[in-house]
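Student: Please take me through the salt bridges in this chain. I want a close look at the pairs, their places in the fold and their burial.

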Amino acid sequence: MKKCPECGLDLPDEVLYCLYCGTRTNISNQVKRTRIVLFLFPIFILLSCLATVYDLGSSDFLEAGFTIAGIACCLYFLGALFLGILKLFFNIKTAPSSFFTASFSSLIIAITTIFAGFSIENLYLKNYFVKLGPIANLKKHFILLLTIYLVLQILESIAISLKDKYTITSSSEDKNNSRSSIITKLYIIIPISFILLTSVAFFFTSHPDKISFLCENLLAISSKDKANQYLDYGLQHYPRDAKLCFLKANILTSSDSFSTEHNSKTESEALKLAQIASDEKPDSPLYKYYLSVQFDINKNSEKAIMYADEAAVLAKDDIFLWQNLGDINQKYSRFTGSISAYRKALTLDPDNPTVLNNLSYTLLTCNKDLLIALELAEKSVKNSPNSVYNRDTLAWAYYKNNQFTNALESINLLYKNRKSISPEIDFHYVAILDSMGLIKNPIEDYDKMLVKPEVATNKNLVLEIVEAKKIAENKLKEKQNGKLEK
């Protein structure tokens, strides 16, 4: 009697394959080597990702390299997982080396899927994707990639299992016939055919689309310098290509130099490129939205709101765009427009905690429908109990509705295990304590807040603090007058 190297069960000496799992009985060393390769290959993936990202000039190659390697390793082991599921639920026979084959093919299919998704999107679905908002665009793109990958990987797992079945159970005559030969080679035919078809589709995509695809991937790994070089080359030849203009504007407004220096020339150049992108694709909510962002950066509130509104109208079912419209209206104290946009967003998603919170806070800021604002804040906290800002809004809603004890109890929870507190929360805390007579000199506290740089740039907050300070001064005068009369 001898033991199966895979499942460990006792077998007759004369059998070449395990009667239970189908493993060859004389390949124990091969099994060990295969398993070692299966679990050591991710190290090669990690080193390859780090080297590639570094070579591409990523500004943070360690973070980008580890992130990409982590995703690649997950996809790699996903192939073995698919095969394992087939073996578990359908009791198929698999050779030990097949798990490495499944993992390696999974990685190849995943990489090819990125190119396939791009090619399909640009050749057949371009008009569809253009009409999606920013978040919807990302979601649909991810669903497309996931669908392609899952279909191919399921087929590949089935092909590998068929190969093992025919290899293990077929007689020598069966193995030599053409049908068996094709079936045992399907696991190679599928990925090679997929790569060839993708290569042909990629070849037929337009040149500017290829440049934008390359730049998007370079930006994903923080290789802005190389992306900038390719974008400059692309814009020299295709100066009005919407995607290239959009990506170039994105680089200009997200670069480190822009965020620190706020160069007016850079701002105007980014705005010009965003305008071209929007003009070239007038039906695109994404480009309208980004043009709104650029006008916001340039402090042009009218056009920022106008294009945010156009983006939301173009994608009426996109909650992100309606929320953005509400946010930008609130930023410029257009509370009527803000409330209207948030209410539209809630018709699309009535339980969205962020929109509930923002609508509640806007109502509180303009002292309108205070009881409704409290209900919205309570619902927001119920749907997202760990959000600091939602709890702050709830505390402020209690304060505005003269429920000072509840307000203090609610805001105290924020200070219990806080890591950092925003100026708004600091102000609300002082105002609530002041309303309950728990601060000796609230006017001094308000004055300290007003001189903080992060407060001075927030117009709405400054107005609220000034109003609270006036109320505190009036209380102090009344108190002093009362003492004089006595």
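Tutor: What follows is a walk through three of the pairs.

The model is predicted. The count comes to 12 salt bridges. Side chains of opposite charge can pair when their charged atoms come close.

Start with D232 and K248. Their side chains meet in a salt bridge, at 2.8 Å from N to O. The pair links distant parts of the chain, 16 residues apart. D232 sits in helix α9, residues 224–237. K248 sits in helix α10, residues 242–254. D232 is partly exposed, with a relative accessible area of 35%. K248 has a relative accessible area of 6%, so it is buried, the cut-off being under 20%.

Next, take E310 and K288. This salt bridge has its closest N and O atoms 3.2 Å apart. E310 belongs to helix α14, residues 301–314, and K288 to helix α13, residues 285–297. Here 22 residues separate the partners, and distant parts of the chain are linked. E310 is partly exposed at 28% relative accessible area. K288, at 11% relative accessibility, counts as buried.

Last, look at D369 and R343. They form a salt bridge with the closest N and O atoms 3.6 Å apart. D369 lies in a loop, between α17 (353–365) and α18 (370–383). R343 lies in helix α16, residues 335–348. The two are 26 residues apart, and the pair again links distant parts of the chain. D369 counts as partly exposed, at 34% relative accessibility. R343 also counts as partly exposed, at 38%.

Definitions and conventions. Residues are numbered from 1 along each chain as its sequence is written. This is a predicted model: local features need pLDDT of at least 70, side-chain atom pairs count only at pLDDT 80 or more; totals for chains, interfaces and linings use all residues. Side-chain values use heavy atoms; hydrogens and water are left out. A salt bridge is a side-chain nitrogen of Lys or Arg within 4 Å of a carboxyl oxygen of Asp or Glu. Helices (H or I, at least four residues) and strands (E, at least two) are DSSP runs, numbered from the N terminus. Buried means under 20% relative accessible area, exposed over 50%, partly exposed in between (1.4 Å probe, protein chains only).
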